[in-house]
Amino acid sequence: MNRQWLHAWIAALLVCALLAVGYEWLLRQRGYLITVQDDADLWSMQLDRVRNSSRAVALLGASRIAFGVDPALLSQQLGGRPVAMLAINGRYPLGALRALADDDSFIGLAIVGVDARGMQRRHWDMQQSYFDHYRHRWTISRWVHRKLLTALQEHLVFVRSAFAITNIIERWIAGKGPPMNDYVVVRADRVGFIDYHHPDLPAIRASRVADLVRYYREEPPTDAATWLRDLDTVSTWVEKIQNRGGRVVFFREPAADESLALDEAHFPRDRYWDAYARRSPATMIDFRDVPAMTQFVLPDTSHIDGTDVPRFTIALANLLKSRKLVD
Amino acid sequence: MTFDSLTFVVFLAAIFGGYWAVRSWTARKVFLLAASYLFYAAWNPFFVLLIIATTGFDWLASHWMNRTQREPYRRVILASSIAINLGSLGFFKYAQFFSDTAVDLLHVFGISFEPVSLGILLPVGISFYTFESLSYVIDVYRRKIDVSKSLLDYGLYVTFFPHLVAGPILRYGDFSPQCAQPKSWPSAEVGKGLALFVYGLALKVCLADLVFAPVVDRVFAAGVYTGFGESWLGAASFSLQAYCDFAGYSLCAIGVALMFGFRFPMNFESPFGSVGMAELWTRWHMSLASWIRDYVFLPLGGYRRGRLRGEANLLVAFLLVGLWHGAAWTFVIWGGLQGVFICAEHLVKRYVWDFGKVGNRFGRAALAVATFAMFSIAAVFFRAHSLGQGGSILAAMFAPGARSALVPASEAIVAIALGAGVVGSHILFGHLRRWDWLDRWPVAPRAISIALALAAVIFSPGFNPAFIYFQF
């Protein structure tokens with residue numbers, strides 16, 4: 001390399017290295033945690049794990065599964081079965097079940113964390129974009145990219161989009177201050193650990209309940225007859241998986257206090273969940289029927305604390321074994 | 001494998017090391033060709049076979065053409081090669097468009113058909129390498145260039161990875177002498193190439209993806225109503241996004257090629273400093289514009305058969321530019337608007353005011369801003385999901401009373417400030433052509449420019465959206 005260019009490059013690299021070290025130090029000083037940033041590529045890596053294996057376990061669901069079950073621990077508890085975290089925060093999972101049903105390479109056990117609200121037809125397509133991403137954009141080069149990016153995010157705080165310099169400038173202009181300090185730490189296998197020792201816990205809890213109240217005000221529940229009729233289609237997906245040797249479990253995860261009361265008021269268990277359980281080809285488990293599952297504290301009425309994830313995972317493994325859903 | 005991915009960083013490091021470690025020039029070219037196929041296979045390995053097949057056929061066709069002196073035979077061979085190349089492009093890129101258009105047309109005549117989803121995957125970069133193949137066989141037919149004696153050189157011309165998926169569109173006449181000349185380490189401008197690569201990445205990763213794309217996505221989201229100010233903001237932001245995305249990619253490609261000792265043509269030369277649309281198209285996507293001029297506009301007759309016929313030829317050429325960009329009527333309208341604007345500009349210059357001769361700096365700056373506004377008006381159809389959406393945004397751009405609140409003020413302020421910076425830099429420094437001036441800079445400004453660009457890349461972690469031009 002030409003000497004002038006070499007000097008220019010050395011100086012530029014030194015400046016950038018100093019800036020990176022300084023920025024990382026500043027972010028850590030402000031208490032920001034190391035966490036992997038979830039995206040469709042990270043999700044696609046998980047989907048790769050459960051294809052073509054009759055021993056595979058696919059964890060479908062939304063935040064309660066994503067922030068409640070440790071796939072590595074579950075795998076260990078189930079004798080080394082491949083376990084994939086396919087739950088997506090904020091998105092109900094029935095579309096994912098449909099996609100797995102349409103994918104002949106899936107012959108394992110699908111655990112679908114969902115409640116009656118999330119089984120309404122209007123929510124079926126919420127995870128479809130992830131499958132579309134897998135089908136049309138997931139390639140070996142994206143796999144390599146995601147592996148390297150995950151490795152960086154496991155060691156550095158600033159390599160997340162929240163800390164992009166343009167985002168910081170826009171927040172400053174808008175008077176929003178620095179980015180919110182994450183209280184969920186996500187691991188490379190997509191399990192998230194919520195830290196509820198957060199000073200704003202009452203605000204988080206109040207906000208969650210308010211969101212649910214608003215949801216039910218804006219989106220009244222589907223009547224039970226229509227809801228059940230719609231689920232006949234879901235039953236065909238279940239049968240498709242089960243006919244080729246797989247299994248499907250619908251698991252209503254723990255909820256408490258206002259969340260549980262609101263859900264029950266709008267989707268009475270006997271008219272919805274239990275009614276479908278009587279006709280569904282899938283195994284259906286409500287947490288209220290499993291004593292071990294009712295023992296957890298849910299600080300925001302809907303999710304367990306990160307420190308409870310191992311205990312919850314083991315309880316789930318024991319449940320699967322006791323129901324003979326795994327060998 | 002996109003230039004802004006970590007995969008490419010690893011790939012580039014490995015290929016760069018391997019290339020310079022090999023001593024024999026032929027072995028190096030074989031190595032580059034294999035690397036280029038690997039690069040392409042990262043999207044879809046099946047399509048490597050397609051590119052190998054068309055490369056092989058075009059090379060053979062050029063030899064058959066060269067061997068016979070009988071004009072009718074040469075014409076048949078040329079026609080076969082063009083048919084195969086355009087057939088392949090037509091099948092993969094336009095079959096669905098033509099099928100949908102046929103269904104719509106039949107519907108107009110009262111005949112109903114269910115639209116058929118053909119489910120055809122588009123081989124990435126097919127529009128680029130098809131045009132390169134076509135220019136080669138046509139130039140051999142015209143006896144403008146010698147036939148390629150080496151299949152290896154020709155294969156490298158079509159598939160050399162920096163330009164393979166999004167240009168610049170090369171010409172064999174420019175590339176072939178570079179293949180004949182073995183590269184030695186000192187001749188390769190590694191430091192400069194790497195700097196251009198980082199400048200290009202900064203344009204793409206920081207400006208296109210994080211500054212302009214979010215604004216554009218809000219304004220062009222399906223089903224939203226846009227007012228006067230935000231329609232202009234969205235349109236201008238898309239012009240800037242397209243520029244930063246594609247010029248950024250081109251600069252990366254030019255830089256990477258330079259690291260291997262190859263020189264690619266410039267593809268963008270400060271286009272927003274242009275006075276008038278005709279000038280802008282000599283500085284925007286230059287390799288496509290010159291291709292269309294040489295293989296469409298001039299063969300149609302150019303201006304040789306009169307002004308009116310010339311303007312009609314220009315319109316046809318720009319409609320094809322639009323169709324080349326995408327298989328949708330929105331792209332055709334975009335291309336048509338470019339042609340109409342240039343024809344109108346010719347009329348104004350001829351009969352009203354030859355604004356190209358304005359010498360005053362402020363006057364030229366104002367005209368450049370007006371040109372940018374014209375380009376942005378047309379850009380609405382480039383980005384719109386449908387003609388209806390394009391039409392409603394365009395209508396809002398001419399209805400000053402219409403209001404909307406889609407873009408947060410903070411995003412708008414950053415986009416406007418940096419957009420003004422981009423357009424302003426084109427106006428102020430547009431006279432600096434190519435990147436040769438960079439070699440005359442002392443070390444300090446070089447280091448500062450690299451540090452700024454590198455910092456922009458490092459501190460812009462995002463979600464890695466694809467390059468806009470990969471879809472073409």
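Biologist: Against which strands and helices of chain A do the buried residues of H5(A) pack?

Modeller: In this predicted model, eight of the nine residues of helix H5 (residues 94–102) of chain A are buried, so the helix is largely enclosed by the rest of the structure. The buried residues are A:Leu94, A:Gly95, A:Ala96, A:Leu97, A:Arg98, A:Ala99, A:Leu100 and A:Ala101. The elements of chain A against which they pack are strand E1 (57–60), strand E3 (109–113), helix H6 (128–136) and helix H10 (224–243).

Biologist: Which helix supplies the largest share of the largest nonpolar core?

Modeller: In soluble globular proteins, nonpolar side chains tend to be buried together. Here the largest nonpolar core has 160 residues, and those with the most contacts inside it include B:Val198, B:Phe212, B:Ile450 and B:Leu454. The largest share of this core amounts to 21 residues, and the element that supplies them is helix H9 (residues 190–219) of chain B.

Biologist: How many residues are in the other core that lies apart from it?

Modeller: Among the residues of that other core are A:Val57, A:Leu78, A:Val238 and A:Tyr272. It lies apart from the core of 160 residues, and its own count is 70 residues.

Biologist: Which residues does B:Leu454 touch, not counting residues up to four places away in sequence?

Modeller: B:Leu454 is one of the residues with the most contacts inside the largest nonpolar core. Once residues up to four places away in sequence are left out, its contacts are with A:Ala12, A:Cys16 and B:Val198.

Biologist: Which helix of chain B gives the largest share of the side that touches chain A?

Modeller: The contact takes 33 residues from chain A and 32 residues from chain B. On the side of chain B, helix H1 (6–21), H9, helix H17 (409–429) and helix H18 (443–458) each supply at least two residues. By class, that side has 23 nonpolar, six polar and three charged residues. Its largest share, eight residues, comes from H18(B).

Biologist: What is the radius of gyration of chain B?

Modeller: The secondary structure of chain B comes to 18 helices and zero strands, and its C-alpha atoms fill a box of roughly 65 × 65 × 50 Å along the principal axes. Of its 472 residues, 49% count as buried, while 75% of the contacts between residues at least 6 apart in sequence join residues at least 24 apart. The globule rule gives 23 Å for 472 residues, and chain B is close to this, so it is as compact as a globular protein of that length, with a radius of gyration of 23 Å.

Biologist: Is B:Arg143, which has a positive phi, buried or exposed?

Modeller: Most residues other than glycine have a negative phi. Phi of B:Arg143 is nevertheless near 60°, and the residue is placed in the loop between helix H5 (126–141) and helix H6 (151–159) of chain B. A residue counts as exposed if 12 or fewer other C-beta atoms lie within 10 Å; B:Arg143 has 11, and is therefore exposed.

Biologist: What is the phi of A:Asp257 near?

Modeller: A:Asp257 is found in helix H11 (residues 257–266) of chain A. With 13 other C-beta atoms within 10 Å, A:Asp257 is partly exposed. Its phi is positive, in a residue other than glycine, and is near 50°.

Biologist: How far apart in space are A:Asp232 and A:Tyr276, C-alpha to C-alpha?

Modeller: A:Asp232 lies in helix H10 of chain A and is exposed, with 11 other C-beta atoms within 10 Å. A:Asp232 and A:Tyr276 are 44 residues apart in sequence, and their C-alpha to C-alpha distance is 9.1 Å.

Conventions
Residues are numbered from 1 along each chain as its sequence is written. Chains are lettered from A and ligands numbered from 1 in the order in which they are written. This is a predicted model: local features need pLDDT of at least 70, side-chain atom pairs count only at pLDDT 80 or more; totals for chains, interfaces and linings use all residues. A residue is buried if 20 or more other C-beta atoms lie within 10 Å of its own, exposed if 12 or fewer, and partly exposed in between; C-beta atoms are placed from the backbone. Helices (H or I, at least four residues) and strands (E, at least two) are DSSP runs, numbered from the N terminus. Two residues are in contact if their C-beta atoms, placed from the backbone, lie within 7 Å. A nonpolar core is a set of buried Ala, Val, Leu, Ile, Met, Phe, Trp, Tyr and Cys residues joined through C-beta atoms within 7 Å. Ala, Val, Leu, Ile, Met, Phe, Trp, Tyr, Cys and Pro count as nonpolar, Asp, Glu, Lys and Arg as charged, and the others, Gly among them, as polar. The radius of gyration is taken over C-alpha atoms; the globule rule is 2.2 Å times the number of residues to the power 0.38.
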